[in-house]
Structures are given as structure tokens and as C-alpha cells.
Amino acid sequence: MADTTTANLGLVKMQPGTHRDDWGQVANGNLDKIDQAVAGAKTTADAALPKAGGTVTGEILRDGQGAHFHWVDNAMDSGRAVLAPSTGTDPTSQPGDIWFGYTP
């Protein structure tokens, strides 16, 4: 039976008994492809948002419950947070206002 390859990286799926003399070369070729793919993904991820510094533009959305900060403009100099009982009326009145409700 002939070797096959994986769909995404083209790694060689060696068939048992077919690479008695060159299995090391095939395995090393697979490892080189994996190394290149991981390095490429790391480069892309590192460029997307650095660990320190950098700029986030646009709105950051999160999935799930709970409040999150929202700034009205790119300068991030407007918006406020209000802590108020959750049983009251919504105290927010401006774009960017956040209401942290608590149970009294």
C-alpha cells in the first residue's frame, strides 16, 4: 500500500514496513513541516497583538455574561461606569456608559 499524506500540512503517513531504510528522512521531513507551520502561526499571532504595548482599534466584543468596558471614541477618553442596584432603573444615559448592577 502506498504512503498517503495529511490534508493540511501534507505530512507523510508512512505505511508499516515501507520505509525500512529511509524512515528517518521521512520523519524529519514531517517535523520540518510541523516546525514551519507552528512558526508561521506564532508569527501571525505575535503580530496580531503584542504581549506589551501595541494598540487595539475598534470595539472589543466578548462572549458571555457580565459587564465590559466600552469606549465611545478611539481616544478612550469618554464613557463611565455606574454601580447601582439592579432593581432600579437603568442609570446610564450616554454612549459608552456601563451599569454594574448588584442585588441589594
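In the predicted model, Ala84 is buried, its relative accessible area being 13%. This residue belongs to strand β3, and, when residues up to four places away in sequence are set aside, Ala84 touches Pro91, Trp99, Phe100, Gly101 and Tyr102. The relation between Ala84 and Gly101 can also be expressed as a distance, since the two C-alpha atoms lie 5.2 Å apart although the residues are separated by 17 positions in sequence.

A further pair with a spacing of 17 residues along the chain is formed by Thr87 and Pro104, whose C-alpha atoms are separated by 8.0 Å. Thr87 is located in the loop that runs between β3 (81-85) and β4 (98-102). With a relative accessibility of 66%, Thr87 is classed as exposed, because the class begins over 50%, whereas Ala84 in strand β3 falls in the buried class because its 13% is under 20%.

As regards the overall arrangement, the chain contains one helix and four strands, and these elements follow one another along the sequence in the pattern β-β-α-β-β. The chain has 104 residues, of which 11% count as buried. The exposed area of the chain amounts to about 8,400 Å², and carbon and sulfur atoms supply 56% of this area. Among the contacts between residues at least 6 apart in sequence, 13% join residues that are at least 24 apart.

Helix α1, which spans residues 23-48, includes Asn30. Asn30 is buried, with a relative accessible area of 11%, and, not counting residues up to four places away in sequence, Asn30 touches Leu11 and Val12. For Val12, the geometry can be given in detail: a polar atom of the Asn30 side chain lies 2.8 Å from the backbone nitrogen of Val12. Because a polar contact requires N or O atoms within 3.5 Å, this separation of 2.8 Å is inside the distance limit.

A residue of helix α1 with another degree of exposure is Val38, which has a relative accessible area of 53% and is therefore classed as exposed. Val38 takes part, together with Leu9, Leu31 and Ile34, in a nonpolar surface patch of about 340 Å².

Helix α1 also carries both partners of an ionic pair, Lys42 and Asp46, which are four residues apart, about one turn of the helix. The side chains of Lys42 and Asp46 meet in a salt bridge with an N to O distance of 2.6 Å, and a search of the whole structure finds one such salt bridge. Asp46 has a relative accessibility of 39% and so counts as partly exposed, a value that lies between the limits of 20% and 50% that bound this class.

The segment that precedes the helix was examined through Gln15, which is placed in the loop between β2 (12-13) and α1. Gln15 is buried, with a relative accessible area of 18%; this assignment holds because the value is under 20%. Leaving aside residues up to four places away in sequence, Gln15 touches Met1, Ala2, Asp3 and Thr4.

Key:
Residues are numbered from 1 along each chain as its sequence is written. This is a predicted model: local features need pLDDT of at least 70, side-chain atom pairs count only at pLDDT 80 or more; totals for chains, interfaces and linings use all residues. Side-chain values use heavy atoms; hydrogens and water are left out. Helices (H or I, at least four residues) and strands (E, at least two) are DSSP runs, numbered from the N terminus. Buried means under 20% relative accessible area, exposed over 50%, partly exposed in between (1.4 Å probe, protein chains only). A polar contact is a pair of N or O atoms within 3.5 Å; within protein, one must be able to donate a hydrogen and the other to accept it, and residues adjacent in sequence count only if both atoms are side-chain atoms. Contact means heavy atoms within 4.5 Å. Patches are made of residues with over 30% relative accessible area and no salt bridge: like charges are joined within 9 Å, nonpolar side chains (Val, Leu, Ile, Met, Phe, Trp, Tyr) within 5 Å. Accessible areas come from the Shrake-Rupley method with a 1.4 Å probe; for residues, only the protein chains shown count as cover. A salt bridge is a side-chain nitrogen of Lys or Arg within 4 Å of a carboxyl oxygen of Asp or Glu.
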